[in-house]
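Q: Got a minute to go through this one with me? I'd like to start with how the chains meet.

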Amino acid sequence: MESKLWELIQRVKTQSPLVLNLTNYVVMNNTANALLAAGASPIMAHARPELRDMVAISSAVVINIGTLDEYWSDCMYTAAREANAAGKPWVLDPVGAGASNFRNEVCAALLGYRPSLIRGNASEIMALSGISNAGTKGVDSTAASNEAQGAAYSLAATYGSAVCISGATDIITNGSDTLYLRNGDPMMTKVTGLGCTASALCGAFLGVSDEPLTATAAAMSMLAIAGELAAAASNGPGSLQAQLLDALYTLDEATFLQRLNISSHA
Amino acid sequence: MESKLWELIQRVKTQSPLVLNLTNYVVMNNTANALLAAGASPIMAHARPELRDMVAISSAVVINIGTLDEYWSDCMYTAAREANAAGKPWVLDPVGAGASNFRNEVCAALLGYRPSLIRGNASEIMALSGISNAGTKGVDSTAASNEAQGAAYSLAATYGSAVCISGATDIITNGSDTLYLRNGDPMMTKVTGLGCTASALCGAFLGVSDEPLTATAAAMSMLAIAGELAAAASNGPGSLQAQLLDALYTLDEATFLQRLNISSHA
Amino acid sequence: MESKLWELIQRVKTQSPLVLNLTNYVVMNNTANALLAAGASPIMAHARPELRDMVAISSAVVINIGTLDEYWSDCMYTAAREANAAGKPWVLDPVGAGASNFRNEVCAALLGYRPSLIRGNASEIMALSGISNAGTKGVDSTAASNEAQGAAYSLAATYGSAVCISGATDIITNGSDTLYLRNGDPMMTKVTGLGCTASALCGAFLGVSDEPLTATAAAMSMLAIAGELAAAASNGPGSLQAQLLDALYTLDEATFLQRLNISSHA
């Protein structure tokens with residue numbers, strides 16, 4: 001498993017998959033830079049008239065509803081439909097699911113397009129599954145990620161999606177197999193949009209692999225370990241953001257394997 | 001006064017108020033990061049169908065017209081109305097007021113919703129009050145902040161708002177009391193959107209205090225002193241932006257009180 | 001030539017031209033910061049009702065189609081028309097031209113407003129000229145910049161525009177004279193939107209000069225040399241982005257002239 005993850009990290013660098021992102025205004029710059037630092041090629045585009053063309057040249061699509069509105073949600077439906085039509089994997093990041101009825105309705109519609117992967121925090125995953133009405137406080141999670149595990153299984157069974165619950169321990173499941181990733185640093189929660197960055201990287205890895213569980217684990221572990229390295233080299237969240245991109249760019253196999261803490265038991 | 005300001009800075013960290021931002025594309029990332037670094041919780045959302053829900057879970061609302069258009073201005077009216085209906089404080093940042101008739105019309109409409117606080121540079125505050133036709137050059141101020149003081153008093157009297165004029169000396173008034181803050185560093189003007197960051201932080205502090213004058217003074221002094229620390233540690237505006245977030249995150253009481261330069265006389 | 005370029009760099013600092021940017025969401029923050037670091041004054045605005053007012057107070061306009069949609073493309077047409085009506089220079093950055101029919105149609109319409117300068121990578125310039133169907137992979141160039149030189153001459157002849165092809169060697173032509181700039185660092189391609197930053201800086205320099213060829217050469221050489229300095233001081237693309245702004249801010253004449261590698265032969 002561990003060497004497979006590193007092999008996928010190398011594959012992203014050598015294949016440089018094109019990742020089409022319909023994402024939120026807050027994180028567009030950071031997620032584009034994270035994709036570049038990891039060796040992928042980002043496109044940020046959302047106009048309905050061009051989504052078919054853009055999906056056609058992309059290896060994966062990432063849909064992040066962070067700053068959605070009526071126009072953007074229509075664009076997101078189109079992108080999800082085109083991804084399905086073209087047989088391209090797509091990632092749903094349901095930012096703030098549960099915080100408004102509008103967000104919930106858009107999420108419900110997007111789930112109908114059966115995302116290859118759903119990545120969110122515990123509150124968002126529980127809101128999506130309808131299992132719980134756990135309070136959403138902004139885009140941070142107020143429920144521990146393991147409480148959402150049942151919700152993840154339910155989503156995986158209903159939509160055939162892999163699901164990743166971000167938290168102190170990331171939980172990644174395809175419905176049958178489940179992985180627990182214990183990397184990362186608490187200071188990462190003080191930088192906006194690192195969850196969105198995680199989703200974007202997942203898109204890159206899905207673009208070079210047919211195994212969503214492994215691809216997601218590779219993306220999440222790369223980011224979490226880069227975050228550990230960045231936090232150790234930082235005095236606060238401002239430096240962490242810059243250091244994180246450097247760490248994604250320079251991460252080597254020995255460091256990755258030494259720090260990696262992933263297993264198939266809780 | 002001085003210890004009250006530090007007490008509010010601590011209160012933001014402990015209460016972590018949720019701040020709903022309808023702000024411009026340029027600064028969304030930076031303002032979200034500044035709110036996180038100060039201990040608050042940012043939401044960036046603007047879609048009209050979800051503003052009632054979003055205001056309901058927020059402690060304060062920040063409306064910044066920097067990259068407004070016809071859709072966004074409608075969203076801003078809705079957000080201001082919902083903030084009033086829910087009894088939540090809201091901040092108006094009239095970026096570029098005076099630069100176009102469209103901006104002035106939107107500002108006039110927003111003033112009708114009686115912002116809890118108006119924060120802008122001298123040109124913008126004068127444009128708002130209609131006292132002056134001081135030229136606007138981009139979003140920088142071309143009029144010294146003290147010249148705008150009359151405009152601030154006029155706005156405070158008409159709309160019941162606190163007003164903060166940013167400049168070399170920040171002037172903060174609620175119409176009866178006025179504070180003069182002499183912190184900050186000139187290099188901060190070479191980083192885009194630190195005025196917008198100031199407005200966002202003011203939102204966080206209004207979210208934990210019923211005294212707009214004191215809350216604004218606390219937010220402005222925290223940012224200005226963090227900016228001094230960041231400038232001292234920087235070779236230019238690129239490092240300053242990262243260092244500023246670190247300084248907001250690590251600011252301690254002794255440093256804050258030692259550097260604080262605020263008084264009630266000009 | 002060399003001293004003329006430095007003289008223009010100084011002129012931007014002393015005149016601080018106001019540059020109106022209709023640009024993409026990904027790079028708004030970075031391009032605003034780059035303009036500030038170089039001494040110019042950025043405005044980011046796009047609403048159709050205010051474009052006439054905004055163009056009137058600006059020295060130059062930059063139109064970058066990176067995250068275009070139907071609303072923004074209409075705004076771009078208005079801005080280009082107003083720039084022409086007001087006699088202000090304007091720069092077209094055709095991000096991703098060739099990647100979708102929609103993008104190509106918008107570019108065709110914008111070309112009809114005869115940009116003062118077109119700046120793109122080799123794929124984009126070739127897509128614009130219709131000379132070639134070189135594949136577009138995201139917003140990176142897949143064709144060497146010298147292959148696009150014929151396309152640049154064609155565009156210059158048809159639209160009276162200066163053209164800049166970014167690449168390992170930047171090629172800048174006004175149709176009769178051509179300059180080859182051999183500065184920059186490969187790590188710059190790992191930071192999103194440095195091409196967009198280049199276009200924004202070109203706008204600032206066109207705002208203080210009547211010679212598009214020289215103005216473009218000054219902007220491109222300033223950025224490329226700042227990029228060299230930043231790369232030498234960086235461990236990866238995250239630090240490079242911050243260091244680049246510092247280098248734009250602190251660049252001195254001796255360093256600039258020592259590193260400058262520009263000539264009128266290929």
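A: Sure, terms first. A salt bridge here is a side-chain nitrogen of Lys or Arg within 4 Å of a carboxyl oxygen of Asp or Glu.
A: The model is predicted: local features need pLDDT of at least 70, side-chain atom pairs count only at pLDDT 80 or more, and totals for chains, interfaces and linings use all residues. Side-chain values use heavy atoms, with hydrogens and water left out.

Q: How many salt bridges turn up across the interface of chain B and chain A?
A: The rule finds one. Arg103(A) pairs with Glu50(B), and their closest N and O atoms are 2.6 Å apart.

Q: And how many residue pairs are in polar contact there?
A: Eleven, with both residues at pLDDT 80 or more. A polar contact is a pair of N or O atoms within 3.5 Å; within protein, one must be able to donate a hydrogen and the other to accept it, and residues adjacent in sequence count only if both atoms are side-chain atoms.

Q: Which residue classes make up the side of chain B that touches chain A?
A: That side has 19 nonpolar residues, eight polar and four charged. The classes: Ala, Val, Leu, Ile, Met, Phe, Trp, Tyr, Cys and Pro are nonpolar, Asp, Glu, Lys and Arg are charged, and the others, Gly among them, are polar.

Q: How many residues does each chain put into the contact?
A: Chain B gives 31 and chain A gives 30. Contact means heavy atoms within 4.5 Å.

Q: What area do chain B and chain A bury between them?
A: About 2300 Å², 57% of it on carbon and sulfur atoms. Buried area is the accessible area (1.4 Å probe) that two parts lose on being put together, summed over both.

Q: Switching to symmetry. What turn lays chain B on chain A?
A: A turn of 120°, with a shift of 0.0 Å along the axis and an RMSD of 0.0 Å. The two copies are thus related as by a three-fold rotation axis. Superposition is by least squares on the C-alpha atoms of residues with pLDDT of at least 70 in both copies.

Q: Which C-alpha of chain B is nearest the axis?
A: That of Tyr25(B), 3.7 Å from the axis.

Q: Last one, Gly160(C): buried or exposed?
A: Exposed, at 55% relative accessible area. Buried means under 20%, exposed over 50%, partly exposed in between (1.4 Å probe, protein chains only).

Q: What does Gly160(C) touch beyond its neighbours within four places in sequence?
A: Arg114(C) and Leu155(C).

Methods. Residues numbered from 1 in each chain as written. Chains lettered and ligands numbered in written order.
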